[in-house]
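Good morning, colleagues. Please take a moment to look at the structure on the screen before I begin.

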Amino acid sequence: MYVTVNPFLTATILILLTSFLIWYFWYKQPPNGLPGTKGIPLFGVLFSLGSFTERLFQKWAKIYGPLYGVKVGTMDIVVISSPEIAYEAFAKNDCFNDRPQTVPMLSDGKGIIMINSTDFHREQRRFGLYTLREFGMGRRSLEPRLIEISRELCTKIDDLCGDSGLSGPFQIHTKVYEAISSVILSIVFGHDVGKESKEFQDLIYTLFVQNDDGFLGSLMLFAPFLRHLPFFSNIWKKSQELGQRINDRINVEIKAHQESHDPNNPRDFIDCFLTEMARTGQADFKGEGVVHSSKTWRHVLTSEEVEVEECSSDWKPNTSFFLDQLVSLVRDIFVAGTDTTATAVCWIVLYLCKYPDVQKKMQQEIDDVIGQSGVPKISLMDRFPYTRAVIQEVTRIRPIVPLNVPHRASRDATLMGYHIPKGAIILTNIWAIHHDENRWPEPEVFRPKRHLDENGKFVKSSNWMLFGVGTRSCLGQQLANMELLITTISLFQRFQFSFPPGTIPDMNGESIVSLRPLHFDVNASRR
Ligand code: HEM
């Protein structure tokens, strides 16, 4: 007896069965007990992500609480929206400090930003912190260079003001990016390559100012498989090529340093690294005659570093100093140290144009402390409470890295009683923390005064988390704070900024890993 099989019916049953199995296994996956949402099978909430993911995640935090999980693509994402939980995860624990390896251009297993939190990272971070400090980060020795760079920025704007003292509309961001990159280039390369080389200027422009593929590029962070699809593979390729261009340029600098290197007289960050290479036998020159200072970076513990675990017993110290690592480290410091600070300065200008009363009040403080021609010194910082409050309020309302740099769980672990699986990506929603109405009443209102106490003194709040917390927090925060203060004072001491009449600037910006203002025009008038 023959049984006739209806192919249509069989296909339908197979499709239904497969769909059921996908749904079943998708929802059967351990939800880790975390509240949250899984979205649809295979894609998770990928299609819900828009251009302001941090705001969507903030809405979900209102539903699911300050610690919840989402699936994006096939990735488990854990979203933290409170400073207390962030502190618990990143400062008190050591198992949530790895990084995902999916960031185009920066994920080559070297450098500092995207490497995992191993002994290699610890050695490089300690070296980086110490060396940046040696070259002035957080110290007065860097002050003259910062002041000079701010002056040059003001001179460029002054030229636009001409005899009338009033500029036409211009975009300030390119000038700001050039100035801020000068600072980091001086520390790392010992000279301002950006000023000297047209090729480097183009590189800065492509890297920071022009940003064509931003949003789509950032999707690959969550769904790395996208880079194999035709359209995304182009974006990926472009970013790899840009990374190569930067590396090539850095290699030229390193070569020049090697030719004139004197291990006992380091001129800049690169020289210090080359000296470490010489000490550890990783360089062509073998480090004969290298003085072993009794007080090297290895022995200096700052209060921040006390939390850093000692290296494990099977780690061979000094093995993280080799040429390819130097290239990637310089690239990371340059990328991290330019875009963020320059973006913050642009937001400050934008907000002070939008709120001329605040601008006026800040200028009054500047005039009272140093007049219209005095020098903005870091030692006078305490006398600029309102200016500091303005900077803190702008970076509260528009945090530069709204979802922080992603962390990753290095093993199965527990956070606030919830199981977090190995490999889960952990995002800190700095935006949500900065817009939490329980911590910041009327969070969307721009109000610098909220950062002053009843005596008018500046208050640094633990609810302000611009630089992250713990052992992966920003390496350059002291430098960034110095740059922001000196640049802001210099610009507003010399000029009154306003929007060209009739323009309605956008105050939301675009959020592509970093939250930047859209390009805007300003008028400057000499004060
Ligand atoms: C306003 C300016 C800046 C902001 C808002 C900012 C913000 C951040 C944030 C949120 C992180 C990630 C923290 C975490 O993963 O928990 C970070 C990491 C980092 N930042 Fe900054 N940053 C700024 C300026 C700088 C500067 C000037 C430098 C360079 C000297 C720098 C170098 C780095 C490096 C190297 C890391 C990676 C640290 C690690 O993974 O161990 N940043 N920054």
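**A helix pair and a mixed sheet**

Let me begin with two helices. Helix α4, residues 119-134, and helix α11, residues 269-279, have axes that come within 10 Å and cross at roughly 135°. Because angles over 145 degrees would count as roughly antiparallel and those from 65 to 115 as roughly perpendicular, α4 is classed as oblique to α11. As to handedness, the crossing of α4 past α11 is right-handed. I should state at this point that the model is a predicted one.

Which residues make this contact? On the α4 side they are Gln124, Phe127, Gly128, Thr131 and Leu132, and these meet Phe269, Cys272, Phe273 and Glu276 in α11. By class, the residues of the contact comprise five nonpolar, three polar and one charged.

I now turn to the sheet. It is open, has five strands and mixed pairing, and its order is β1-β2-β3-β8-β5. Which strands lie at the edges? They are β1, residues 36-37, and β5, residues 407-408, each of which pairs on one side only.

Two helices pack on this sheet. Helix α2, residues 53-64, touches β1, β2, β3 and β8, and its direction makes about 130° with that of β2. Helix α3, residues 83-90, touches β2, β3, β5 and β8, and its direction makes about 125° with that of β3.

Let us look more closely at β3, which spans residues 75-80. Is this strand mostly covered or mostly uncovered? Five of its six residues are buried, so with buried meaning under 20% relative accessible area, β3 is mostly covered.

On one side, β3 pairs with β2, residues 67-72; the two strands run antiparallel and are joined by six bridges. Within this pairing, tyrosine 68 has valine 79 in β3 as its bridge partner. β2 and β3 form a hairpin with two residues between them, and in the turn glycine 73 has a positive phi of about 60°.

β3 also pairs with β8, residues 425-428, this time in the parallel sense and over four bridges. Here isoleucine 80 stands opposite threonine 428 in β8.

To close, β3 thus appears in both kinds of pairing: antiparallel with β2, and parallel with β8. Thank you for your attention.

Conventions
Residues are numbered from 1 along each chain as its sequence is written. This is a predicted model: local features need pLDDT of at least 70, side-chain atom pairs count only at pLDDT 80 or more; totals for chains, interfaces and linings use all residues. Side-chain values use heavy atoms; hydrogens and water are left out. Buried means under 20% relative accessible area, exposed over 50%, partly exposed in between (1.4 Å probe, protein chains only). Two strands pair if DSSP finds at least two bridges between them. Contact means heavy atoms within 4.5 Å. Axes are lines fitted to C-alpha atoms, for helices over the stretch in contact, and angles run from 0 to 180 degrees between N-to-C directions. Angles under 35 degrees count as roughly parallel, over 145 as roughly antiparallel, 65 to 115 as roughly perpendicular and the rest as oblique. A crossing is left-handed if the near helix is turned anticlockwise from the far one by less than a right angle, and right-handed if clockwise. Ala, Val, Leu, Ile, Met, Phe, Trp, Tyr, Cys and Pro count as nonpolar, Asp, Glu, Lys and Arg as charged, and the others, Gly among them, as polar.
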